[in-house]
Amino acid sequence: MPPAPLRLGLAGLGTVGTGVVQILQNHAALIAARAGRPVVITAVSARSKGKDRGVDLSGFAWEDDPVALAKRDDIDVFVEVMGGHEGAARAATEAAIAAGKDVVTANKALLAHYGQDLALAAEAAGRVIRFEAAVAGGIPVIKALTEGLAGNQIKRVMGVMNGSCNYILTRMQNEGLSYEAVFDAAQKLGYLEADPNLDVGGIDAGHKLSLLAAIAFGTKVSFDAVELEGIGAISIDDIRLAADMGYRIKLLGVAQMTGRGLEQRMTPCLVPADSPLGQLQGGTNMVVLEGDSVGQIVMRGAGAGMGPTASAVMGDVIDIARGFRLPTFGIPATALATPTPAKAATPAPYYLRMTLVDKPGALAKIATCLGEAGVSIDQMRQYGHEGTNAPVLIVTHKATRDDIDHAVGLFAATGVLVGAPVALRIEEV
Ligand code: NAP
Ligand code: HSE
């Protein structure tokens with residue numbers, strides 16, 4: 001008897017969904033050989049049935065309702081590539097688990113918000129949820145953490161996990177363009193999510209970091225505890241000044257377990273220009289994993305796009321076809337610890353850029369605030385006067401984010417500040 005095929009129900013026929021259809025249609029024999037059994041799509045769902053998607057869907061049953069798709073008797077795995085953390089994606093994923101299906105999803109928003117509940121439900125039902133495509137697109141970082149590095153105590157997880165932000169920052173750097181100009185170009189090219197704040201606000205990358213942290217540290221997903229700061233306040237001045245000092249600005253995620261608890265932050269940081277993270281160009285992602293035995297691993301590749309994301313979905317599907325099963329976050333969801341959130345516990349030098357009223361004593365007032373907050377100045381520079389305003393750059397010695405925030409709070413009462421200061425951590429990578 002030939003082995004029974006693994007039957008997929010595919011919810012979502014957009015960028016990722018059509019990529020999955022293409023891979024299965026182009027590589028059916030290769031996938032069957034690797035999986036030990038054929039992998040087939042039985043039924044699909046999307047919003048508009050009549051839309052030409054550039055792929056042949058004629059062999060698949062159609063469901064208008066993804067919840068109905070999730071419950072079909074003739075599917076084994078529900079592949080959710082619709083997106084959104086509420087509505088259809090959530091309802092259909094819950095329905096799939098309740099109906100005894102395994103789930104493969106690319107949906108980081110859903111898992112960042114409901115990962116713990118979904119993992120508990122799936123594991124209680126003896127089902128798996130796989131989500132390689134949800135973090136850093138085509139880079140197999142979930143597999144690396146849950147499998148290849150399973151013998152390590154993970155020390156730190158870092159990375160650039162939003163391609164759109166890296167695209168914007170590197171175009172600003174390379175072409176000397178303003179944030180606004182590159183943002184507009186990225187939007188016209190379709191690089192940004194429908195709600196661009198998910199990208200430039202750091203939310204999408206924060207979702208991804210929270211999922212990696214759960215696996216790395218054996219903790220419940222705690223997206224709400226991620227310190228989030230987007231790239232909207234980064235000006236071309238910041239990019240230039242950072243470059244003058246030998247740094248690049250990146251939207252960098254860092255998660256580490258400290259003595260005070262779990263630190264998770266997704267914020268713009270300065271990293272050395274000649275480091276692998278500093279060299280990262282365009283929409284590419286990079287994830288850095290540090291384990292006690294393995295040392296540092298650097299993974300780099302396409303974080304988005306049809307082929308890379310569908311590649312990650314298929315890796316998960318083939319694992320299920322092979323009979324490989326593991327808990328959603330590497331250890332049973334019932335055993336995941338509740339993390340204590342720790343706000344940027346590790347001190348680092350900070351880059352502070354501000355504009356001051358150009359009058360006697362203005363700089364002295366700012367220096368006094370820093371002193372009062374316990375922050376020591378390493379370098380200070382006043383540059384390019386603009387009328388009655390004086391742009392000022394200060395690089396501090398190592399300080400905590402709390403001390404920097406304290407100092408910035410004190411600046412406000414000096415009456416010499418024009419606009420809001422920019423405070424960026426200088427990260428050791
Ligand atoms: P997309 O191109 O917008 O496609 C979404 C698909 O879902 C469309 O086919 C849409 O139907 C369908 N859909 C949406 N709401 C639905 C509903 N209520 N009922 C039935 N179908 C519905 O999105 P995508 O870029 O493929 O992204 C899909 C998921 O993958 C998201 O979770 C995203 O975050 C994740 N992801 C995407 C990428 C990437 O590079 N695109 C990378 C990593 C992860 P219609 O086509 O009929 O409108
Ligand atoms: N908007 C995301 C990015 C898509 O730019 O990386 C992949 O999650």
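The paragraphs below walk through the domains, the sheet, the salt bridges and two individual residues of this predicted model.

The protein chain falls into three parts: domain 1 covers residues 6-134, domain 2 combines 141-302 with 332-342, and domain 3 spans 350-426. Domain 2 is thus written as two segments of the chain. Between the C-alpha centres of domain 1 and domain 3 there is a separation of 51 Å.

A good place to start is the sheet. Six strands make up an open sheet with parallel pairing, and their order is β3-β2-β1-β4-β5-β6. The edges are taken by β3 (61-63) and β6 (129-130); each has a single partner strand, so one side of each lacks a neighbour in the sheet. At the β6 end, strand β5 (residues 102-105) runs parallel to β6 and is joined to β6 by two bridges. Within this pairing, Val104 has Arg130 of β6 as its bridge partner.

Helices accompany these strands. Helix α1 (residues 15-26) lies across β1 (6-11) and β2 (39-45), and its direction is at about 155° to β1. Helix α4 (residues 87-98) also packs on the sheet, where it touches β4 (77-80), β5 and β6; the angle between the directions of α4 and β4 is about 170°. Ala98 belongs to helix α4 and is exposed, with a relative accessibility of 73%. From Ala98 to Gly36 the C-alpha distance is 27 Å, for a sequence separation of 62 residues.

Turning to charged side chains, the structure contains 26 salt bridges. One of them pairs Asp74 with Arg72, with 2.8 Å between the closest N and O atoms. The two partners fall into separate accessibility classes because the limit for buried is under 20%: Asp74, at 24%, is partly exposed, whereas Arg72, at 19%, is buried. Another salt bridge joins the side chains of Glu86 and Arg90, with an N to O distance of 3.1 Å. Here Glu86 is partly exposed at 36% relative accessibility, and Arg90 is partly exposed too, at 25%.

A further salt bridge brings together Asp238 and Arg353, at 2.4 Å from N to O. This pair connects distant parts of the chain, 115 residues apart: Asp238 sits in helix α11 (residues 236-244) and Arg353 in strand β13 (residues 350-357). Both of these residues, Asp238 and Arg353, are buried. Salt bridges also link up into a network, whose members are Arg130, Lys143, Glu147, Asp316, Asp319 and Arg322. Arg130 will be familiar from the sheet, as the bridge partner of Val104 in β6.

Finally, a loop residue is worth a visit. Phe223 is located in the loop between α10 (203-217) and β8 (227-228). Despite this loop position, Phe223 is buried, with a relative accessible area of 10%. Once neighbours within four places in sequence are set aside, the contacts of Phe223 are Ala112, His113, Ile203, Gly206, His207, Ser210 and Leu228. Arg240, by contrast, is 17 residues from Phe223 in sequence, with 32 Å between their C-alpha atoms.

Technical notes. Residues numbered from 1 in each chain as written. Chains lettered and ligands numbered in written order. Predicted model: local features only at pLDDT ≥ 70, side-chain atom pairs only at ≥ 80, totals over all residues. Heavy atoms only, no water. Domains from an automatic or database assignment. Salt bridge = Lys/Arg side-chain N within 4 Å of Asp/Glu carboxyl O. Buried < 20%, exposed > 50% of the residue type's maximum accessible area, 1.4 Å probe, protein only. Helix = DSSP H or I, 4+ residues; strand = E, 2+ residues; numbered from the N terminus. Pairing = 2+ DSSP bridges. Contact = heavy atoms within 4.5 Å. Axes fitted to C-alpha atoms, helices over the stretch in contact; angles between N-to-C directions.
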